[in-house]
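Hi everyone, thanks for coming. I'd like to walk you through one structure today, starting at the ligand and then moving to a sheet. Let me put it on the screen.

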Amino acid sequence: MKSIPAFDYLQDYAEQRADILAAVDRVLGSGQLILGAEGRAFEREFAASLGAGHAVGVGSGTDALIVTLTAAGVGPGDEVITVAHTATATVSAIRSTGATPVFCDVDRETALMDTAAVRELLSPRTRAIVPVHLYGNVVDIEALRAEVGGMPVAIVEDCAQAHGASLHGRAAGTLGDFAAFSFYPTKNLGAFGDAGMCFTTGGNANAEMRRIRMYGFEGMEPRALREGINSRMDELQAAILRLKLPALESDVQRRRTLAARYDEILDGRVRRVATGPGVEHGFHLYVVKLPRRDAVRAALAQRGIGTGIHYPCPVHLMPAYGFLGYRAGDLPATEELAASVLSLPLYPRLEPEAVERVCTELLDVLP
Ligand SMILES: *Cc1c(COP(=O)(O)O)cnc(C)c1O
């Protein structure tokens with residue numbers, strides 16, 4: 001029987017090959033490979049897809065976090081509250097600014113930041129909070145704001161997994177002060193390489209983000225007004241992403257339909273990570289919680305079903321972050337999820353029959 005991979009971009013490529021190669025040819029023949037018309041157009045189109053706001057293209061989702069946090073004034077000596085049940089990138093970006101991450105546990109059901117636990121983590125050094133819209137589920141940013149009260153703390157949404165998701169009808173990325181998107185190939189909107197986007201609804205930070213992504217320059221004048229980095233989305237990725245953006249909404253709708261099919265078949269037999277109240281889930285990932293997860297995963301692999309674990313080791317227990325002083329047991333819900341979550345195959349081109357087969361095999365191999 002045919003195997004079902006956890007992720008596959010080749011089908012997308014086959015469908016759009018002629019358009020993509022034409023876009024690549026157009027860019028390579030344009031004489032401008034960095035900071036040209038394609039990048040500017042994609043920034044405009046991406047911002048418009050979220051409603052009003054400013055988008056600044058960068059080299060990756062990690063860089064989008066670094067640039068937005070820096071624009072929010074985060075630097076050495078500051079604390080940034082985030083979660084440990086996330087991609088390592090969230091935390092490595094915070095460290096790149098020189099700030100110290102402070103970990104909040106997650107809600108056992110939604111796997112999202114437990115906003116009620118944030119208040120006791122706030123300190124006079126807290127400069128920002130990075131809620132992660134994990135799997136395409138959306139953190140309740142209003143609840144988070146209520147915890148912060150009037151403190152001067154920026155909310156930077158990690159939207160790497162949240163393209164197309166919303167909360168009470170408002171798009172993820174427009175709820176906080178800043179947002180960082182990734183276009184890593186597996187994401188809901190994927191480039192053919194690395195790319196990322198900074199987003200803000202506040203007008204003032206737009207120019208600052210542009211300076212930070214290129215050495216601190218104002219436009220092309222090579223004279224740094226502030227310290228910056230070098231992280232620009234290249235014209236090739238921008239041109240390809242422009243081709244793919246119009247299909248994002250229907251792709252996410254397709255993910256929702258497939259997720260509903262998983263729900264229907266697995267109902268009552270396998271529990272998944274719950275959708276938060278008021279959330280229109282982006283279903284970047286369809287994640288179930290299983291006892292003896294690793295044995296189930298190995299059995300599925302033997303039957304040709306690819307799965308993923310997001311994430312097997314919470315960041316606070318990784319060797320690199322030992323210096324932060326966290327121990328096993330400090331974040332109980334985070335640690336429980338790390339041991340039990342399994343991501344089933346989910347992407348727009350996946351056939352409903354494939355979902356049915358994954359469910360059949362999963363129910364068959366359950367202990
Ligand atoms: C993918 C991801 C990132 C980083 O994005 P890159 O483009 O790979 O740098 C950050 N946060 C989360 C939650 C992610 O899933």
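Let's begin with S182: one of its polar side-chain atoms lies 2.6 Å from an oxygen atom of the ligand. Please keep in mind as we go that this is a predicted model.

T62 also has a polar side-chain atom by a ligand oxygen, here at 2.5 Å. With G61 the backbone does the work of contact: a backbone N or O atom lies 2.7 Å from an oxygen atom of the ligand.

How much of the ligand does the protein bury? Taken alone, the ligand exposes 380 Å², and the protein buries 90% of that. The space the ligand takes is the largest pocket.

Which elements give two or more residues to the shell around the ligand? Those are α3, residues 61-71, and α4, residues 88-96. There are 15 residues around the ligand, and the ones that come nearest are G61, T62, D158, S182 and K187. By character, the shell residues divide into 6 nonpolar, 7 polar and 2 charged.

Now, over to the sheet. Here 3 strands form an open sheet with antiparallel pairing, in the order β7-β6-β11. β7 (170-171) and β11 (279-280) stand at the edges with a single partner strand each, so one side of each has no neighbour in the sheet.

If you zoom in on β6, residues 166-167, you'll see that this strand pairs with β7 over 2 bridges in the antiparallel sense. And what stands opposite L167 in β7? That is R170.

Thanks, everyone, and I'm happy to go back to any view.

Notes:
Residues numbered from 1 in each chain as written. Predicted model: local features only at pLDDT ≥ 70, side-chain atom pairs only at ≥ 80, totals over all residues. Heavy atoms only, no water. Near = heavy atom within 4 Å. Polar contact = N/O pair within 3.5 Å; in protein donor to acceptor, adjacent residues only side chain to side chain. Areas by Shrake-Rupley, 256 points an atom, 1.4 Å probe, with all protein chains shown as cover. 1 Å grid on protein atoms, 1.4 Å probe; cavity = no way out; pocket = protein on both sides within 12 Å on 5 of 7 lines; lining within 4 Å. Sits in = over half its atoms within 2 Å of the grid points. Helix = DSSP H or I, 4+ residues; strand = E, 2+ residues; numbered from the N terminus. Nonpolar A, V, L, I, M, F, W, Y, C, P; charged D, E, K, R; others polar. Pairing = 2+ DSSP bridges.
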